[in-house]
Amino acid sequence: MRIQSLIRVGCAALLLVVTCNVSAMAQVDDDLREKFQSAQELVEQEDFAEAARIFQEITESNEEFGPGWFFLGYALHMDGQLDEAMKAHVRAAEFADFEGIATYNLACAHALKGNRDTALETLQKAVDNGFDDIGQIEFDSDLYSLHNDFRFAKMLCELGGDEELAEKMSEAEALVGNQEFAEAAEIYRAVLEEDKRNAFATYRLGYCLHGAGDLEAALEMHTRATKFKGVAPVATYNIACVHSLQGNTAEALDFLEKAVELGMTRLDAFEEDPDLENLREEDRFKELVAKVREMHEHHHGDHDHDHDDNHDHDDHDDHDHDHDHHKKKDGV
């Protein structure tokens with residue numbers, strides 16, 4: 001829920017508050033009402049820290065005022081105080097008027113914290129509770145870390161009412177799990193014929209072509225996938241892998257550095273992916289791995305303190321696909 005995406009949710013939320021405030025505001029005194037209005041003005045001015053302070057005072061003085069909890073979570077979230085925001089999101093979701101949208105905001109916070117499984121589970125709960133803004137879900141930058149996960153792609157298909165497309169992708173992912181890349185690629189081609197803007201299918205077609213050994217075709221699809229912000233980091237990484245396999249060392253390192261800048265920080269991929277074997281003795285590669293390791297340790301250190309029992313990894317034993325790290329056959 002960064003600023004651009006939150007403006008959309010925020011506008012919807014403000015309308016929601018207006019409709020529920022008839023009864024909610026009638027139950028609060030004039031001082032609290034004035035505080036609430038002043039805090040909302042601070043939100044509009046993007047002074048989220050001060051707005052959060054006031055909303056905190058409001059919730060402390062009236063724990064049953066749902067709009068106060070909702071906007072407390074909103075302001076904290078926008079101020080980057082995700083741990084505290086999550087607590088407010090959970091509390092706001094206890095109020096019927098905010099159950100769907102507050103649960104959605106909680107899912108966004110989990111995605112930003114790197115808790116992929118929890119984020120997806122919470123997002124599904126938000127949908128089940130009535131949050132069905134497919135455009136918001138698809139383009140919210142807070143959820144970009146979920147875009148290369150089949151469960152997210154399937155959710156979007158189901159929200160859009162396209163069960164047949166979801167079934168096709170399920171079939172393709174089963175083939176990927178069996179390393180039948182060429183067969184899976186054909187299904188993803190068919191998916192893209194129906195939905196040319198499907199980011200996940202674009203990314204996975206490149207993945208499958210890569211796994212099948214058709215590197216030139218894979219490079220074309222990896223490049224196309226970089227146009228989608230949610231899968232751009234892993235697609236850029238995959239471009240680097242193609243260049244490495246083709247012996248283009250400088251290009252491979254350029255794209256690896258760009259992938260890291262975009263957020264591709266899977267340490268295991270950098271250390272273990274056989275596609276990068278040609279680069280391992282390069283000084284630039286060693287420096288990049290050291291940078292990724294430092295970022296990885298810092299990130300996990302933060303989570304160990306904040307959400308030790310909630311942190312999820314990208315690897316899921318209970319899913320056929322392996323996300324952004326290749327399990328290639330025949331050394332590809």
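Below is a chat about a predicted model of a protein chain.

Biologist: What is the chain built from, helices or strands?
Modeller: The protein chain has 17 helices and zero strands. Keep in mind that this is a predicted model.

Biologist: How much of the chain is buried?
Modeller: Of the 332 residues in the protein chain, 53% are buried. The accessible surface comes to about 15400 Å², and carbon and sulfur atoms account for 46% of that surface.

Biologist: Which residues have the most contacts inside the largest nonpolar core?
Modeller: Those are Phe-55, Leu-123, Ile-137 and Leu-143, in a core of 44 residues. Helices H2, H3, H4, H5, H6, H7 and H9 each give two or more residues to this core. H4 gives the most, with eight residues.

Biologist: And what does Leu-143 touch?
Modeller: Leaving out residues up to four places away in sequence, Leu-143 touches Tyr-104, Ala-107, Cys-108, Ala-111, Leu-123, Ile-137 and Phe-152. Two of those names, Leu-123 and Ile-137, also appear beside Leu-143 in the list of residues with the most contacts inside the core.

Biologist: What about the second core, how many residues are in it?
Modeller: That separate core has 32 residues, including Ala-153, Leu-175, Tyr-207 and Phe-228.

Biologist: Switching to helix H13. Which of its residues are buried?
Modeller: In H13, which covers residues 215-225, the buried ones are Leu-215, Ala-217, Ala-218, Leu-219, Met-221, His-222 and Ala-225. These buried residues pack against helix H11 (181-194), helix H12 (199-212) and helix H14 (232-245).

Biologist: Now charges. How many salt bridges are there?
Modeller: The count comes to 22 salt bridges. Side chains of opposite charge can pair when their charged atoms come close. Asp-83 and Lys-113 are one such pair, with N to O at 3.1 Å.

Biologist: Where do Asp-83 and Lys-113 lie?
Modeller: Asp-83 lies in helix H5 and Lys-113 in helix H6, so the salt bridge ties together parts that are 30 residues apart in sequence.

Biologist: Is Lys-113 buried or exposed?
Modeller: Lys-113 is buried, because its relative accessible area is 8% and the cut-off for buried is under 20%. Asp-83 has 23% relative accessibility, so Asp-83 counts as partly exposed.

Biologist: Which residue does Lys-87 form a salt bridge with?
Modeller: Lys-87 pairs with Glu-84, and their closest N and O atoms are 3.2 Å apart. Both residues are in helix H5, and they are separated by about one helical turn because they are three residues apart. Lys-87 counts as exposed at 55% relative accessibility, while Glu-84 counts as partly exposed at 37%.

Biologist: What about Glu-271, what is its partner?
Modeller: The partner of Glu-271 is Arg-293, with the closest N and O atoms 2.7 Å apart. This pair links distant parts of the chain, since Glu-271 is in helix H16 and Arg-293 is in helix H17, 22 residues apart. Glu-271 is partly exposed, with a relative accessible area of 37%, and Arg-293 is also partly exposed, at 31%.

Biologist: Which residues are linked in a network of salt bridges?
Modeller: Lys-35, Glu-50, Arg-53 and Glu-57 are linked in one.

Biologist: Last one. Where is Asp-273?
Modeller: Asp-273 is in the loop between helix H16 (267-272) and helix H17 (283-306). Asp-273 is buried, with a relative accessible area of 0%.

Biologist: What does the side chain of Asp-273 reach?
Modeller: The side chain of Asp-273 reaches the backbone nitrogen of Asp-275, at 2.9 Å.

Methods. Residues numbered from 1 in each chain as written. Predicted model: local features only at pLDDT ≥ 70, side-chain atom pairs only at ≥ 80, totals over all residues. Heavy atoms only, no water. Helix = DSSP H or I, 4+ residues; strand = E, 2+ residues; numbered from the N terminus. Buried < 20%, exposed > 50% of the residue type's maximum accessible area, 1.4 Å probe, protein only. Polar contact = N/O pair within 3.5 Å; in protein donor to acceptor, adjacent residues only side chain to side chain. Core = buried A, V, L, I, M, F, W, Y, C linked by side-chain atoms within 4.5 Å. Contact = heavy atoms within 4.5 Å. Areas by Shrake-Rupley, 256 points an atom, 1.4 Å probe, with all protein chains shown as cover. Salt bridge = Lys/Arg side-chain N within 4 Å of Asp/Glu carboxyl O.
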